[in-house]
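I set out to record what I looked up in this model, entry by entry. The topics are cysteines, strand pairing and aromatic contacts.

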Amino acid sequence: KVGSIQSDGAAAIIMQQCADTLTLAVSDPTWERESQQISLKGYYQLLDEQPARLCSVRHERNQTLLSVQSKNRFGQTTTIKLVKIK
């Protein structure tokens with residue numbers, strides 16, 4: 001856990017916030033995980049539909065929960081753009 005972001009295990013995450021837009025670059029440094037669960041404080045929705053096949057979004061208790069697929073990605077980065085909705 002770092003600041004307003006938390007992962008359920010090993011993850012390499014770069015975060016850039018610009019006004020209400022949040023960009024995340026997420027990868028699995030172990031190359032072993034099926035998926036990564038990431039939680040953010042606040043409510044966000046996907047801004048760009050491109051990563052939709054690799055990332056799902058749900059909301060729970062003032063948090064945005066992301067599930068990012070990492071199976072067979074061999075550490076490749078997934079870039080996710082979100083916009084704050086509440």
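Entry 1, cysteines. I took a disulfide to be a pair of cysteine sulfur atoms within 2.5 Å. The model I searched is a predicted one. With that cut-off I found 0 disulfides in the structure. I then asked why cysteine 18 has no bond. Its closest cysteine sulfur belongs to cysteine 55 and lies 20 Å away, which is too far for a bond. I checked cysteine 55 in turn and noted that this residue is in no disulfide either, the nearest cysteine sulfur being that of cysteine 18.

I also looked up the accessibility of both residues. Is cysteine 18 buried or exposed? I recorded cysteine 18 as exposed, at a relative accessible area of 55%. Cysteine 55, by contrast, counts as buried, because its relative accessibility is 4% and the limit for buried is under 20%.

Entry 2, strands S1, S4 and S7. I followed S4 (residues 35-41) to its pairings. Strand S1 (residues 5-7) runs antiparallel to S4, and 3 bridges join them. Within this pairing I located isoleucine 5 opposite leucine 40 of S4. S4 is also joined to strand S7 (residues 63-69), again antiparallel, by 7 bridges. Here I found isoleucine 38 facing leucine 66 in S7.

Entry 3, the open sheet. Which order do the strands of the open sheet take? I read the order of its 4 strands as S2-S3-S8-S5, with antiparallel pairing. The edges are strand S2 (12-18) and strand S5 (44-46); each has a single partner strand, so one side of each lacks a neighbour in the sheet. Direction ignored, I noted an average turn of 30° between neighbouring strands of this sheet.

At the S5 edge I examined the pairing with strand S8 (residues 78-84), where 3 bridges join the two antiparallel strands. Leucine 46 has leucine 82 in S8 as its bridge partner.

Entry 4, aromatic contacts. How many aromatic pairs does the structure hold? I counted 1 aromatic pair. Tryptophan 31 and phenylalanine 74 form this pair in an edge-to-face arrangement, with 5.8 Å from centre to centre and 70° between the planes. I placed tryptophan 31 in the loop between strand S3 (21-27) and S4, and phenylalanine 74 in the loop between S7 and S8; the pair thus links distant parts of the chain, 43 residues apart. Finally, I looked up their accessibility and found both tryptophan 31 and phenylalanine 74 exposed.

Terms used: Residues numbered from 1 in each chain as written. Predicted model: local features only at pLDDT ≥ 70, side-chain atom pairs only at ≥ 80, totals over all residues. Heavy atoms only, no water. Buried < 20%, exposed > 50% of the residue type's maximum accessible area, 1.4 Å probe, protein only. Pairing = 2+ DSSP bridges. Axes fitted to C-alpha atoms, helices over the stretch in contact; angles between N-to-C directions. Phe/Tyr/Trp six-rings, centres within 6.5 Å; stacked < 30°, edge-to-face > 60°.
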